[in-house]
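Reader: I've got a two-chain protein model to look at. Can you show me how to read it?

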Amino acid sequence: MKWEAIAGGLGFAVVGVAHAFGLFVAPSEAAMGETGRMLYLHVPTAWAGMGSFLVAFVGAIGVLWTGGKRWDALVESAVEVGIVMSVLLTVQGSLWARPTWGTWWTWDPRLTTTAVMVVAFAGVLVLRHLVHRPERRAMASAVATIASFADVPVVYLSVKWWRSLHQPISNAGTVDTLMLVPFLVACFGMLFVCAALIGSRWRLAMSRLEREDRASDLPDRPVPLSLEGRP
Amino acid sequence: MNGVVEGGWGYVIAAYALSWGTWVAYLLLLKVRSRS
């Protein structure tokens, strides 16, 4: 059995237990009521998204440093998983914002910088589809990944830097144990889920890059058939 | 009311269902792509 299957199974089980506890055992939040139960879903998803982009950033440095296709495959896989998590994060946030803020979306600094982050990383995947030469594609997407990653700390610190409607960074000391435990367990489980998803996607990317390598041994265009030597 | 957001279970369930549905769908997609 591949390590991704074990990590994924373990991660989903841990996250599932934490979510069940957060939904049915933990008390409702003092101001947000039942909508506060999104905490156990929304924050771990946010960490998973930003963590995936951090992995992509490390992969991009690896590409620039070594030019190796293992790093290039890591960039492709981590960016894709990061986008899946970040789009989900945005939808979850929207479902939370409607009953609490009275709107599905507002151009708040946290929301705006998150939208910029998703669009920037989606641009990396588009770029990978547009550039066909493997070395050039690896370099271009590594540079684009590093440039896109510049927004990730801005997303995290946006609630500190600007007046934001979004909740500030929470202090664990002010959170009830019955809420803190499922929250931390869900975050821990999401680490495994993320690692499993990136690992599975990395295998796919590697097999495609290797197929591409083998194909590059072929001539650029078909060689015309020679009639020489025919009677 | 006491300033507490009332209701909201529908939004909570929708968010959890959508997220778990997406994760499972993405996993299945990766599995299908690895076989093709």
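Author: Sure. Let's begin with a term: a salt bridge is a side-chain nitrogen of Lys or Arg within 4 Å of a carboxyl oxygen of Asp or Glu. Keep in mind that this is a predicted model.

Reader: Okay, which side chains meet in a salt bridge here?

Author: Glu80(A) and Arg33(B), at 3.6 Å from N to O. The count between chain B and chain A is one salt bridge, alongside four residue pairs in polar contact, both partners being at pLDDT 80 or more.

Reader: And how much area is buried between chain B and chain A?

Author: About 2600 Å², with carbon and sulfur atoms giving 77% of that. In terms of residues, 21 from chain B are in contact with 33 from chain A.

Reader: Now helices. How do I read which way residues point?

Author: An α-helix has 3.6 residues a turn, so residues three or four places apart point the same way. Try helix H1 of chain A, residues 3-24: its 22 residues reach 32 Å from first C-alpha to last, close to the 32 Å expected at 1.5 Å a residue. Its buried residues include Glu4(A), Ala7(A), Gly8(A), Gly11(A), Phe12(A), Val15(A) and His19(A). The buried residues cover an arc of only 135° around the axis, which puts them on the same side of H1(A).

Reader: What is exposed on the other side of H1(A)?

Author: Val17(A) and Phe24(A) are exposed there.

Reader: What do the buried residues of H1(A) pack against?

Author: Within chain A, they pack against helix H2 (39-66) and helix H7 (177-215). From chain B, helix H1 (9-35) joins in.

Terms used:
Residues are numbered from 1 along each chain as its sequence is written. Chains are lettered from A and ligands numbered from 1 in the order in which they are written. This is a predicted model: local features need pLDDT of at least 70, side-chain atom pairs count only at pLDDT 80 or more; totals for chains, interfaces and linings use all residues. Side-chain values use heavy atoms; hydrogens and water are left out. Helices (H or I, at least four residues) and strands (E, at least two) are DSSP runs, numbered from the N terminus. The expected span of a helix is 1.5 Å times one less than its number of residues. Buried means under 20% relative accessible area, exposed over 50%, partly exposed in between (1.4 Å probe, protein chains only). The arc is that of the directions from the helix axis to the C-beta atoms. Contact means heavy atoms within 4.5 Å. Buried area is the accessible area (1.4 Å probe) that two parts lose on being put together, summed over both. A polar contact is a pair of N or O atoms within 3.5 Å; within protein, one must be able to donate a hydrogen and the other to accept it, and residues adjacent in sequence count only if both atoms are side-chain atoms.
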